[in-house]
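Dear colleague,

I am passing this structure on to you, together with an account of what was found in it. Please read the notes below with the structure open beside them.

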Amino acid sequence: MTQRVSLSRAARLAGVTRAELQRRIRKGELTTFEGELDIADLLRVYPSVTFEKTGKLEQVERIKADAVPRSHDADTALPSPEVLVARIRSLGEALAQKAAQADAQGALLDELRQRVIDDAAPAGLVPWLDERRQAIDALSPEDGRAKLFAKDTFLRLMSASIKIIPSGHEFFVDGTESILEAAVRAGVRLGYGCASGNCGECKARVVSGEVSRIADHDYVLSEREKHMGYMLTCCNTAVTDVVLEASEARTTADLPEQDIRAQIRKLEAEGDDLLVVHVQTPRTHTLRFMAGQRALLTLENGAERELPIASCPCNGRNLQFSVRRGDDAFGAYLFERRPSREMVRVRGPAGHFVLDEDSTEPAVFIALGDGIAPIKSLIEHAISIDRIESFHLYWSVAQPDGHYHQRWCRALKETLDNFAFTPLVDAGTEDLLAMLRSDLAEPDALRYYVAGPTAAVNALTEALTAAGIPVARVSGEGLD
């Protein structure tokens, strides 16, 4: 019988990223069936299966761990003892069922052999059956399928898969995190409010699988809701693989307008006229936004400025902004006072410059000057959701020392073999077009994201479409 697994689970079993699997699917090396991969096909392409994390999967996880802090300091790699026991019990039941099925199939083979003999089947059929039965009985733990089954069993002890309907999005719950925390970390935008069990906004229905409550909540579910399988994702974790019926924000219009009292945690000077500002929201009121969007910051003196968010939405509690000195009260206050630990009001999100998450084609990101802020957010989110096949970042600045996120760019380039970075100085539209033609084999088959000064962004996006890039494949964001 054909055994298939989802792309997310196949990536974990093979020790590669989903983007790597998408690349092989596009090249015809792997074939999907309703979004799933055949185990035999997976073993053909990745014959060596080990318990260790290998290759790009480990690299991507390290990048995400460095770039995206966990939402709770108590998170660990291991689930709680209660959840671990429940998973062992569930896997024991599943393995017992598999063993019973194997015994029944063995008996069926014996019965088939006897019927073949009784019906005087053609010569050679009985020896063939005996040979195949002996081969099955002789399977060792080193057999590819046996190793894959063992690794899958181990991974199911350590984490559980969540599939959301109707979207079909899938992610894994690791360690002691709640379903909601895991969803946010994976870039899945489930609905939620307080994230602490008070508002009920994260309510979802368990269609199949088993969940376990890990925190008490004040919100009261009705008896009818309990009977239908509803629970709060912020207060439950997954014991087994789970299918959830839940609402998601699919477009910018689906996100609520939020008003949050946050705190400036740190200011990092990048030259004389640029600050990287780190803002932290309360644990119970994180900012829900899409990568590439903006937020309005209001300081304690009343000065305010709308800025693109330069961090990943997979951690809406820790926000990053790049602030130029400028000639307004907002810049003057930050540069003169350096108000670390002061309160700041965060309102948003705003803007429609977001990632096309349904597209898996290679993507080109072009940052002009401070356009690196929303571009950085897009790239971190793309790495988090692990769907885009490859990335190429072009960043043009006015001065040779203007690449203030150079360490971040270099870390991605050195760690990910599907990420390319080209630093540029004072590159105009024609320079960029010439470089794209030189670097990209099929430029009209890629996705383009351009951010920077409005006039320069408009000129470049118009030039791209004039060069034959479909309008639907080009997104631009002007910052002034």
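Strand S18 is covered on both faces: on one side Phe391, Leu393, Trp395 and Val397 are buried, and on the other His392, Tyr394 and Ser396 are buried as well. Put as a count, seven of the seven residues of S18 are buried. In a regular strand the side chains alternate between the two faces of the sheet. Please keep in mind throughout that this is a predicted model.

S18 belongs to an open sheet of five strands, which follow one another in the order S19-S18-S17-S20-S21 with parallel pairing. The edges of this sheet are strand S19 (419-425) and strand S21 (474-478), each of which pairs on one side only. From one strand to the next, the twist averages 10°. Within the sheet, strand S17 (residues 363-368) pairs with S18 in the parallel sense, over six bridges. Two positions may help you to find this pairing on the screen: phenylalanine 365 stands opposite leucine 393 in S18, and leucine 368 has serine 396 of S18 as its bridge partner. Helix H12 (residues 406-415) packs on the sheet, where H12 touches S18 and S19, and the direction of H12 makes about 145° with that of S19.

How are the strands of the six-stranded sheet ordered, and in which sense do they pair? This is an open sheet as well, with the order S14-S13-S16-S11-S12-S15, and the pairing is antiparallel. Strand S14 (304-308) and strand S15 (318-324) stand at its edges with a single partner strand each, so one side of each has no neighbour in the sheet. Neighbouring strands here are turned against each other by 35° on average, if direction is ignored. Strand S13 (residues 294-298) and strand S16 (residues 343-350) run antiparallel and are joined by four bridges, and leucine 296 has arginine 347 in S16 as its bridge partner. Helix H10 (residues 329-337) lies across strand S11 (258-269), strand S12 (274-280), S13, S14 and S15, and runs at about 105° to S15.

Two helices early in the chain are also worth describing. Two packed helices are described by the angle between their axes and the distance between the axes. For helix H1 (residues 7-14) and H2 the angle is about 105°, and the axes are 9 Å apart. H1 is therefore roughly perpendicular to H2, since angles of 65 to 115 degrees count as such. On the side of H1 the contact is made by Leu7, Ser8, Ala10 and Ala11, and on the side of H2 by Arg18, Leu21, Gln22 and Ile25. By class, this contact of H1 with H2 has five nonpolar, two polar and one charged residues.

Turning to the charged side chains, a search of the whole structure finds 28 salt bridges. One of them joins arginine 26 and glutamate 389, at 2.9 Å from N to O. This pair links distant parts of the chain, for arginine 26 lies in helix H2 (residues 18-26) and glutamate 389 in the loop between helix H11 (372-385) and strand S18 (391-397), 363 residues apart. Arginine 26 is partly exposed, with a relative accessible area of 46%, whereas glutamate 389 is buried, with a relative accessible area of 13%. Why does glutamate 389 count as buried? Its relative accessible area is 13%, and buried means under 20%.

Further salt bridges can be located by their residues. Arginine 185 forms one with glutamate 177, with the closest N and O atoms 2.5 Å apart, and glutamate 177 counts as buried at 1% relative accessibility. The side chains of aspartate 216 and arginine 213 meet in another, at 4.0 Å from N to O, and in this case both residues are exposed. In addition, Glu20, Arg23, Arg24, Lys27 and Glu29 are linked in a network of salt bridges.

A last residue to look at is arginine 437, which has its place in helix H13 (residues 429-439). Arginine 437 is exposed, with a relative accessible area of 54%. From C-alpha to C-alpha, arginine 437 and alanine 467 are 9.9 Å apart in space, while in sequence they are 30 residues apart.

With kind regards

Methods
Residues are numbered from 1 along each chain as its sequence is written. This is a predicted model: local features need pLDDT of at least 70, side-chain atom pairs count only at pLDDT 80 or more; totals for chains, interfaces and linings use all residues. Side-chain values use heavy atoms; hydrogens and water are left out. Buried means under 20% relative accessible area, exposed over 50%, partly exposed in between (1.4 Å probe, protein chains only). Axes are lines fitted to C-alpha atoms, for helices over the stretch in contact, and angles run from 0 to 180 degrees between N-to-C directions. Angles under 35 degrees count as roughly parallel, over 145 as roughly antiparallel, 65 to 115 as roughly perpendicular and the rest as oblique. Contact means heavy atoms within 4.5 Å. Ala, Val, Leu, Ile, Met, Phe, Trp, Tyr, Cys and Pro count as nonpolar, Asp, Glu, Lys and Arg as charged, and the others, Gly among them, as polar. Two strands pair if DSSP finds at least two bridges between them.
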